[in-house]
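Me: Please take a close look at one part of this model, the packing of its helices against one another. I would like the geometry together with the residues involved.

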Amino acid sequence: MAQDSVDLSCDYQFWMQKLSVWDQASTLETQQDTCLHVAQFQEFLRKMYEALKEMDSNTVIERFPTIGQLLAKACWNPFILAYDESQKILIWCLCCLINKEPQNSGQSKLNSWIQGVLSHILSALRFDKEVALFT
């Protein structure tokens, strides 16, 4: 279990850097790099979800203080959203961050932010279905 935790932390840092690069440049090279690595990123998201679902929201934030940034960058990347089950896994991960009984304004703000990101994902999903019906 400890090795899994170390591996997840190393992978977390790798993907955070990768997402930052993908986010900053909209070049053909970054798009190709995204497409090349998106399956591996989805597998990382699965592992992340498996870890997150075992923690309460406060522990998640303590252990992965930049988890919101990582998930937000992924949620706004159309290549990631369009790939296989990535949308579903991102939704699962975001739901792990929700504090069911917020105790302070910070937790309430986080919940509101998560709701906004979830709305974005769901509207992107709806749009994809409409495009598929149209085509």
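Reply: Contact here means heavy atoms within 4.5 Å. The model is a predicted one, and the part in question can be described through the pairs formed by H2, H4 and H6.

By that cut-off, Ile 67, Leu 71, Ala 74 and Cys 75 of H4 meet Leu 90, Cys 93, Leu 94 and Leu 97 of H6. The residues of this contact comprise eight nonpolar, no polar and no charged. The axes of H4 and H6 come within 11 Å and cross at roughly 150 degrees. Angles over 145 degrees count as roughly antiparallel, and H4 and H6 are therefore roughly antiparallel to each other. The crossing of H4 past H6 is left-handed.

Next is the pair of H2 and H4. Helix H4 covers residues 67–75, and its packing angle with H2 is about 140 degrees, with the two axes 13 Å apart. That angle makes H2 oblique to H4. H2 passes H4 in a left-handed crossing. On the H2 side the contact residues are Phe 41, Phe 44, Leu 45, Met 48 and Leu 52, and on the H4 side they are Ile 67, Leu 70, Leu 71 and Ala 74. Sorted by class, the contact of H2 with H4 has nine nonpolar residues, no polar and no charged.

The remaining pair is H2 and H6. Helix H6 spans residues 86–97 and packs against H2 at an angle of about 25 degrees, with the axes 9 Å apart. Angles under 35 degrees count as roughly parallel, which makes H2 roughly parallel to H6. H2 passes H6 in a left-handed crossing. H2 contributes Gln 42, Leu 45, Arg 46, Met 48, Tyr 49 and Leu 52, while H6 contributes Ser 86, Ile 89, Leu 90, Trp 92, Cys 93 and Cys 96. This contact of H2 with H6 has nine nonpolar, two polar and one charged residues.

Some residues appear in two of these contacts. Leu 45, Met 48 and Leu 52 of H2 meet H4, and these residues also take part in the contact with H6. Ile 67, Leu 71 and Ala 74 of H4 are in the contact with H2 and in the contact with H6. On H6, Leu 90 and Cys 93 are in the contact with H2 and in the one with H4.

H2 also has a part in a pocket. The second largest pocket has a volume of about 170 Å³. It is lined by 13 residues, and those closest to its centre are Trp 22, Ala 25, Asn 77, Pro 78 and Phe 79. Helix H1 (2–24), helix H2 (28–52) and helix H5 (78–82) each supply at least two residues of that lining. The lining residues divide into six nonpolar, five polar and two charged.

Definitions and conventions:
Residues numbered from 1 in each chain as written. Predicted model: local features only at pLDDT ≥ 70, side-chain atom pairs only at ≥ 80, totals over all residues. Heavy atoms only, no water. 1 Å grid on protein atoms, 1.4 Å probe; cavity = no way out; pocket = protein on both sides within 12 Å on 5 of 7 lines; lining within 4 Å. Points joined across faces, edges and corners; volume = space filled by probe spheres on them. Helix = DSSP H or I, 4+ residues; strand = E, 2+ residues; numbered from the N terminus. Nonpolar A, V, L, I, M, F, W, Y, C, P; charged D, E, K, R; others polar. Axes fitted to C-alpha atoms, helices over the stretch in contact; angles between N-to-C directions. Parallel < 35°, antiparallel > 145°, perpendicular 65-115°, else oblique. Left-handed = near helix turned anticlockwise from the far one by under 90°.
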